[in-house]
Every structure is written in structure tokens, then in C-alpha cells.
Amino acid sequence: MRFSRFYLPTLKEDPAEAEVISHRLMLRAGMIRKLAAGIYSYLPLGLKAVQNVERIVRAEMDRAGAQELLLPGVQPAELWQESGRWERYGRELLRLKDRHGREFCLGPTHEEVITDLVRHEVRSYRQLPLNLYQVQTKFRDEIRPRFGLMRGREFVMKDAYSFDADDPGAEASYAAMRDAYSRIFRRCGLDFRAVEADSGAIGGSFSHEFVVLASSGEDAVATCTACDYAANIEKAERAGACGTEPESAGAAAVPALAEVETPGCRSIEDVCAFFGIEPVAALKSMVYESDRGLVLAVVTGDRQVSETKLKARLGVPWVQLAEAEAIRAACGAGSGFLGPVDTPLAVIADRGVPVQGPAVCGANRDGRHLRDVLCGRDFSPSVVADIVEVHAGDACPRCGGELRIVRGIEVGHIFKLGTKYSEAMGATFQDRDGEERPLVMGCYGIGIGRTVAAAIEQNHDDDGIIMPWAIAPFKVAVLCLDEKHDEVRAFSERLYEELRRRGIDVLLDDRAERPGIKFKDADLIGAPLRLTVGRKGYGRGIFEARDRRTRETIELPVDDFTPLWQFVERMRADDQGLPPL
């Protein structure tokens, strides 16, 4: 493509609306433009990157035995009511009515639609296993869309759904998709991790997120320095001396608890300063509500409650911090002065609480705390479980190695759904014995545009994007620095045509612009290889090749393209870390 004819409206300055690096650079590089909050138009450069990701996704999905189809984006309410998600999904589900008053939604995901399709077509175990996927636009009405394509309302997604006759078959389908996803993100040239994660509104028994590592990522991920364990911070576990039953060993040596007046000490920091203790020696008590009522969660003061773990341990679909009025009505005191001693609420304590030793906690009276409190002697939790987020330095639950916390961007998520949707919607098949059984399902999603944005978050510098070779809209930018010089222009054209003949996406900058502008635009859009043809170099029989990532620049002969093809192949292989495709 010739730059002079390509719709590529680059920007010199950072747009005021841009919040993260990928958003800023995608706007500046002319890849996207905002239409409304969380809704973007893909311009030609951005669409080419998206299509490159789609090609890789399709190739690996087909290789894994999945078959592509396309489902409607507008979905009838009846299907969502069958699955029970019409109300439970929440306000992210954009509901609408047609002219006849019938209710529909814009699909944020397609579990109901695919289950409805398959339940009418699959009758026998002989038709299984089955894996169907699509690449399609989704809509989720995010309360705070931000960060460009990182958290938009309308987005392009690849979603796949597997159907099996039994759990071993479903496990095999899940493993095949996990392997396919790993190949996809490796081919995209990304540094990523597959991490254990919560299933959220999709549901199911187990899931993994695929997270691209980037310092700007929204997600915190715990990874082990000694093994391959990795999990979302909300779900990550820790090993260590944490019992499952309250311990009162040595209680006789600890003085009886005493109530102390502590006016104004509402925070852990205030309490620790008042008593001269470390946060680990204070107990933090918080009241959560769910569809089962109120519960008091107790953790040591140096930890944060993981609402994901708390929800899972309580076996409820949601939890949230209770309102101040409900807390006072139940406990007789306000937040900051709550504690597990003589509380009317059921107490769920983290595993670190029983082994902590004497601690300070709220007295359930405003302006007062208790000291020398022992779990097992002064209070007994209803449940003791792992309900906190891990810290860097905690022990890995698998090997005992040290955990570290890194930032990342979720680009894919795979779920073991089991029979959640098939049972609710009557999707059954006849097994070998002629008995009706529910299909065992899995679902697998990749954010296509989000993958492009994540790649930019992970690959950039002060000059712009450093796009991985496989997903770069243009692999090569040919810069003709003197379009008025007949020989320079002719050689630039020849170089351009040779690259095109070899099937390489190339952008020829044939504009009547200063060299500096051409250099800046080439760096901004992130073409992995820049070829520069100038009058002085051509007069010496050479042109320049520059690796965008390493900034390595070499001179190549104008009369022999063999060194160029070797340089191109080396760049491609190095960038993806893979042998030739």
C-alpha cells in the first residue's frame, strides 16, 4: 500500500482523552477513532492488525478441531430467562424491545444461543465431541468504559463452545483449547501466562485467564518463581502454617482480653499506632452481605479480603460490603470498631487468624477495642478458610517456592461449564445405553481488539508502537526520502514490488514530506522493519534496513536482495520465537 493513498490520519500530540499507552498510541497512529463512550471505529491500520490476530486465531482453532459458524448478535430474552441469567447478569446486559414489544438483548456472550442451537440438532453420543466457534461483535454495557479497547462496551471477540458426552471428554476439550490458546498468543509474539481464575458471570467449575504481562495491566497476577503456578490475585492461594481449626495452644500464658478506650481509631493504621503493634497483630473485621444475609469476615490487619474467595467459600453468587445502617443495626457499632468477640453474626476467619496469637480487635462498641484476644479462647469462627489476597513473598501452594506479583492484561478466558446451561435449557443426548443425559460444556473466549491493545501495552517505546511481526499491519515500511529523484524513486518502487511479490505487507511512504516526518510516522505505527532509500546511500549502492525493536541498522546492497531476505526472515523468527510457519 502507498502511504499517499492509504487512509492513515496520524496525530502529532497525545489526545486528551487517552488514559493508557495503547489508547494513546492507537489514536495517534490512526488505528481507531472514538464514536461514543466505549465504542470505537477501526480505521484501516487498526483493522489490519485485528484481522492478523483473527487469522492466527482461526488457524489454531481449526487445527484444534473446532468449526466456525456465526450466531446472531440480537438474542431473545426467553433464552436468557431459561438459563436464569436474564436478571442475574446485571446491568451490563443491554436490553431492548422490538416493535411488537418482545424483549431482546445485545449479546455479551453466546452460551444460551449456542446451547439452543445444539439442543435441537445433537441427539446422539455419536455426534460428540463437538466444538463450535465464531468471531463476532459483542456488547457489554460497562458502567465505566475506559482505556480505549482495553475496556470498551462494543468489542470483537472469538468465542468457542465445546460439547462432550462426559467429564473426561470435557477435560480433553478444555486441555485442547488451553493448548490452542497458548499457541495463539505465542504466535502473536506476546509474553503471557495462563492463570487460574474466577468464573464470574459465565459460571462453571473452573477457569483459566490468559494474561499478557504488562506494567500497565489492570489485573494483578501471582506467579511462582520456582514452578509454573500462576493465578489471578483474587483466586491465588498460599501455602504455610495456616491451620484449618482455631488453635488455643499457649492460651494460659496470654492475659485475659481487656477492653481499651480508643477514640477516633477507626483504621488499622490508627489502631496499630495507638497500641504500638504491627498490622499482623490486629484483626480486621468487615461485614459482608449476600443472598444468605450478613457475615463477619475476619483477617489479619496486613491482609485484604478476596471477595472472590469469600463468595466461593460461602457458596453464594455475590457478596458486597454491607451498608453502614445494616452494620450498626446488626452489631451495635460502626465500621472500625467491629470484632469477632460476642458478635451476633456468623464469623468466617482467614486461615492466618487462628495461628496469629494475641491480637487487637474491635469491641463492637464505638470508640473501643479489645487487646490480648485469642482465637479459640475468646471467639470461635463458624468457618476457617483462605479468604485473603496473597502477597509477594508468600509461599507457593504447589511447591513452596516464593510468589511474586506482576501486572497483566486479560486477553483470553476459558471455562469448564459442566452441565450448568445444558441442564437449565434441556440440552440432552442419548448415550450408548439409550439414556438421556445432559451435554457437558466448555466455553472459550479471546478479545481480538483487546489482544492488539495488550500487544501495544507490552511493546512500545517513546517513539511509538513496536508491533510484533505476526500481527503488525505492515511488516515493512519503505521510506523513499527523495521522490523527485528518478533513480531513488524507481528503486523504492522496485523494493516495494519485490516485497509484495513475496507476500509481505509493505507500506511505501511516497509522500512529499520531510524525512523526519517519515521517520516519525514509521516509528509511530510500529512497522517491525524500516527500509530507507536516500540519494546519498543509493549513490554508494546501498540502502538502510532498521529493526524497529532492537534499533539495529545495517546497510544492504541495491543490486542483491539476498541479504535483505535473510534479514527479514531472521527478524520474523526472532520476534515470534518460532520456526518458520
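**Close-up 1. Ala-231 sits in strand 12, which covers residues 230-232.** Welcome to this predicted model; we start with one small residue and its surroundings. Is Ala-231 buried or exposed? Its relative accessible area is 0%, and the cut-off for buried is under 20%, so Ala-231 counts as buried. Who are its contacts, once neighbours within four places in sequence are set aside? They are Val-195, Glu-196, Val-221, Ala-222 and Ala-236. Gln-51, in turn, is 180 residues from Ala-231 in sequence, and the two C-alpha atoms lie 30 Å apart in space.

**Close-up 2. Ser-173 is a buried residue of helix 6, residues 167-187.** The relative accessible area of Ser-173 is 14%. Since buried means under 20%, Ser-173 falls in the buried group. Leaving out residues up to four places away in sequence, Ser-173 touches Ser-162, Asp-164 and Tyr-444. You can also look for Pro-129: it is 44 residues from Ser-173 in sequence, with 8.1 Å between their C-alpha atoms.

**Close-up 3. Helix 2 runs from residue 44 to residue 63.** How far should its 20 residues span at 1.5 Å a residue? The expected value is 28 Å, and the C-alpha atoms at the two ends are 28 Å apart, so the expectation and the model agree. If you would like to check this yourself, remember that the expected span uses one less than the number of residues. Several residues of helix 2 are buried, among them Leu-45, Ala-49, Val-53, Ile-56, Val-57 and Met-61. The buried list also includes Asn-52, Glu-54 and Glu-60. Just past the end of helix 2, look for Gly-65, which has a positive phi of about 95°.

**Close-up 4. Strands 4, 6 and 5 make an open sheet, in that order.** The pairing in this three-stranded sheet is antiparallel. Why does one side of strand 4 (74-76) and of strand 5 (95-97) have no neighbour in the sheet? Each stands at an edge and has a single partner strand, so its other side is left free of sheet neighbours. On average, neighbouring strands here are turned by 40° against each other, ignoring direction. Strand 4 is joined to strand 6 (residues 103-106) by three bridges. To find one of the paired positions, start at Val-74 and look across to its bridge partner in strand 6, Leu-106.

**Close-up 5. Strand 17 is covered on both faces.** Which residues lie on each side? Val-347 and Ala-349 are on one, Ile-348 and Asp-350 are on the other, and all four are buried. Strand 17 pairs in the parallel sense with strand 15 (residues 293-300), over three bridges. Within that pairing, Leu-296 stands opposite Val-347. Strand 17 also pairs in the parallel sense with strand 20 (residues 383-385), again over three bridges. Here Asp-350 has Ala-385 of strand 20 as its bridge partner.

**Close-up 6. Helix 8 spans residues 307-314 and has a buried set of residues.** Which residues of helix 8 are buried? They are Thr-308, Lys-309, Leu-310 and Lys-311. The elements that cover them include strand 14 (283-290) and strand 17 (347-350), the strand from the previous view. Just after helix 8 comes Gly-315, where phi is positive at about 70°.

Technical notes:
Residues are numbered from 1 along each chain as its sequence is written. This is a predicted model: local features need pLDDT of at least 70, side-chain atom pairs count only at pLDDT 80 or more; totals for chains, interfaces and linings use all residues. Side-chain values use heavy atoms; hydrogens and water are left out. Buried means under 20% relative accessible area, exposed over 50%, partly exposed in between (1.4 Å probe, protein chains only). Contact means heavy atoms within 4.5 Å. Two strands pair if DSSP finds at least two bridges between them. Axes are lines fitted to C-alpha atoms, for helices over the stretch in contact, and angles run from 0 to 180 degrees between N-to-C directions.
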